[in-house]
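Welcome! Take a moment to look over the sequence and the model, and then we can walk through them together.

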Amino acid sequence: PIQEVCMVNAHRKALERLWKDRCSVFVKEKVTDPTTHLTDFEEMPLLQDQPCKLSFETVTSTGGDSVATVTQNVKLFLSPDVNIPAGCKIVVKRFNDLEREFTYSKSGEAGVFTNHQEIQLVPFKGYA
């Protein structure tokens with residue numbers, strides 16, 4: 001039992017060292033102005049600078065005609081300890097030769113495993 005927990009932690013730490021990307025997660029929260037008592041929604045950080053890995057997969061399919069359809073599946077790998085709510089905004093920064101920033105939203109339920117979770121992403125088009 002204790003040895004298994006240490007092994008899981010060692011595997012997770014080794015895996016997370018390979019993740020060079022960083023993500024921040026934002027949600028819309030109700031905020032009430034103390035003077036006017038009007039309620040509005042503001043974007044608030046839920047998680048910042050979390051180690052992660054952004055993965056892209058291109059899928060080509062044909063529907064019986066001669067024109068192929070190409071789609072891109074985007075998946076985010078990160079620690080299983082964090083909870084990413086549906087409808088949130090996920091900003092991923094990739095640091096390599098060129099620093100790039102990608103903005104997505106969670107699509108569906110996460111696949112949660114012992115050492116990581118996998119979240120399907122879609123382009124962010126605004127809060128739900």
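## Gln 50 and its surroundings

In this predicted model, Gln 50 lies in strand β2, which covers residues 39-62. Is Gln 50 buried or exposed? With a relative accessible area of 14%, Gln 50 is buried, because the cut-off for that word is under 20%.

Which residues does Gln 50 touch, leaving out those up to four places away in sequence? They are Asp 21, Arg 22, Cys 23, Leu 78, Ser 79 and Val 82.

## Leu 78 and the nonpolar core

One of those partners, Leu 78, has a list of contacts that helps you find your way around. Setting aside neighbours within four places in sequence, Leu 78 meets Trp 19, Cys 23, Gln 50, Pro 51, Cys 52, Ile 84, His 116, Gln 117 and Ile 119.

Leu 78 also belongs to the largest nonpolar core, a group of 18 residues. Leu 54, Leu 76, Leu 78, Ile 84, Ile 90 and Leu 121 have the most contacts inside this core. At least two core residues come from each of β1 (21-32), β2, β3 (68-78), β4 (89-94), β5 (100-106) and β7 (117-123). In soluble globular proteins, nonpolar side chains tend to be buried together.

## The cysteines

How many disulfides does a search of the whole structure find? The result is zero. For Cys 52, the closest cysteine sulfur is that of Cys 23, and the 4.0 Å between them is too far for a bond, because a disulfide needs the sulfur atoms within 2.5 Å. Cys 88 is in no disulfide either, and its nearest cysteine sulfur, again in Cys 23, is 9.4 Å away.

Both of these cysteines are covered: Cys 52 is buried at 0% relative accessibility, and Cys 88 is buried at 1%.

## The chain as a whole

Stepping back, the chain has one helix and seven strands. Starting at the N terminus, the order of elements is α-β-β-β-β-β-β-β. Of the contacts between residues at least 6 apart in sequence, 53% link residues at least 24 apart.

What is the radius of gyration of the chain? It is 18 Å, while a compact globule of 128 residues would have one near 14 Å. Along the principal axes, the C-alpha atoms fill a box of roughly 55 × 55 × 30 Å. Among the 128 residues, 27% count as buried. The accessible surface is about 8,900 Å², and carbon and sulfur atoms account for 52% of it.

Notes. Residues numbered from 1 in each chain as written. Predicted model: local features only at pLDDT ≥ 70, side-chain atom pairs only at ≥ 80, totals over all residues. Heavy atoms only, no water. Buried < 20%, exposed > 50% of the residue type's maximum accessible area, 1.4 Å probe, protein only. Helix = DSSP H or I, 4+ residues; strand = E, 2+ residues; numbered from the N terminus. Contact = heavy atoms within 4.5 Å. Core = buried A, V, L, I, M, F, W, Y, C linked by side-chain atoms within 4.5 Å. Rg over C-alpha atoms; globule rule 2.2 N^0.38 Å. Areas by Shrake-Rupley, 256 points an atom, 1.4 Å probe, with all protein chains shown as cover.
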